[in-house]
Amino acid sequence: MEHIINDEMEIVATDEDIFYELVAEQKRKLYSIAYSYLRNEADSLEVLQEATCRAWIKRKSLKDSERFAPWLTRILINCCNDELKRRKRNTVTEVDRSDIGIMEMKSDRRLDMEHALEGVKPKYRQVLVLKYYKDMTLAEIAEVLDKPEGTVKTWLSKGLKQLRDRMKRKGDLFNG
């Protein structure tokens, strides 16, 4: 790793050092978001690595360094969406054996909720995940998605309606 030494013979951090520190500060949150999208540890780590790589390549496009976290989160979400599209194209019917134990430990209600969430439109689902799984405010979500806060509120409302409808239909199947 290269360091720059200034006139006072002090070591000055390089762009790479600063970038690495900023990413390191966000890595837990980013992994958590990736996992909420992909539900697989290996894929989440891979997407996090891809997002970090993309961010490094595009780092010059970030105009305001104060917006690094939402900018990086947006890149991560785009990588997650790319992975989900890839999965759809390469649908595999084989069950991942490593997930069986995890699935058995989850409550039926949580599995029902996750299954219903998969049926919600992707743009609404990402707002629901960021709001209720990651405890982000509407303003934070708007910044991450680079959308007006009003749009995020609308997507949240529509997402909740779709989720309620799906859960109600599931209940009707068992009760009717």
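Helices in these views are DSSP runs of H or I with at least four residues, strands are runs of E with at least two, and both are numbered from the N terminus. The model is predicted: local features need pLDDT of at least 70, side-chain atom pairs count only at pLDDT 80 or more, and totals for chains, interfaces and linings use all residues. Residues are numbered from 1 along each chain as its sequence is written, and side-chain values use heavy atoms, with hydrogens and water left out.

**View 1. Getting your bearings: eight helices and two strands.**
Walk along the sequence and you meet the pattern β-β-α-α-α-α-α-α-α-α. The chain has 176 residues, and 30% of them count as buried (buried is under 20% relative accessible area, exposed is over 50%, partly exposed is in between, with a 1.4 Å probe and protein chains only). The chain's accessible surface comes to about 12200 Å², with 52% of that belonging to carbon and sulfur atoms (areas come from the Shrake-Rupley method with a 1.4 Å probe, and for residues only the protein chains shown count as cover). Take the contacts between residues at least 6 apart in sequence, and 62% of them join residues at least 24 apart (a contact means heavy atoms within 4.5 Å).

**View 2. L38 in helix α1.**
Helix α1 spans residues 15-38, and L38 belongs to it. With a relative accessibility of 3%, L38 counts as buried. Setting aside neighbours within four places in sequence, what does L38 touch? Its contacts are D43, S44, V47, C80, E83, L84 and R87. One of these, E83, sits 45 residues away along the chain, yet the two C-alpha atoms are separated by 8.1 Å.

**View 3. E83 and R87, partners within helix α3.**
Two of the residues that L38 contacts, E83 and R87, also meet each other in a salt bridge of 3.6 Å, N to O (a salt bridge is a side-chain nitrogen of Lys or Arg within 4 Å of a carboxyl oxygen of Asp or Glu). They are four residues apart in helix α3, so about one helical turn separates them. E83 counts as buried because its relative accessibility is 12%, whereas R87 is partly exposed at 25%. Look around this pair and you'll find a network of salt bridges linking D43, E83, R86 and R87.

**View 4. Salt bridges between separate parts of the chain.**
How many salt bridges does the structure hold? There are eight, and here are two of them. The side chains of R54 and D82 meet at 3.0 Å, N to O. R54 lies in helix α2 (residues 41-57) and D82 in helix α3 (residues 68-89), so this pair ties together parts that are 28 residues apart in sequence. R54 is partly exposed, at 25% relative accessibility, and D82 is partly exposed too, at 33%.

The other pair is R67 and E143, whose closest N and O atoms are 3.1 Å apart. It links distant parts of the chain, 76 residues apart: R67 is in the loop between α2 and α3, while E143 is in helix α7. R67 has a relative accessible area of 30%, so it is partly exposed, and E143 is partly exposed with 29%.

**View 5. Helix α6 and the residue after it.**
Helix α6 covers residues 122-133, and its buried members are Y124, R125, Q126, V127, L128, V129 and L130. Following α6 comes D135, with a positive phi near 55°.

**View 6. R39 and D146, two loop residues with positive phi.**
Most residues other than glycine have a negative phi. R39 isn't a glycine, but its phi is positive, about 55°. You'll find R39 in the loop between α1 and α2, partly exposed at 23% relative accessibility. D146, in the loop between α7 and α8, has a positive phi near 55° and isn't a glycine either. D146 is exposed, with a relative accessible area of 52%.

**View 7. A patch of positive charge on the surface.**
K121, K123, K147 and K158 gather here. K147 sits in the loop between α7 (138-145) and α8 (149-175), and its 37% relative accessibility makes it partly exposed. Patches are made of residues with over 30% relative accessible area and no salt bridge; like charges are joined within 9 Å, and nonpolar side chains (Val, Leu, Ile, Met, Phe, Trp, Tyr) within 5 Å. Lys and Arg count as positive and Asp and Glu as negative, while His and the chain ends are not counted. A charge is placed at NZ of Lys, CZ of Arg, CG of Asp or CD of Glu.
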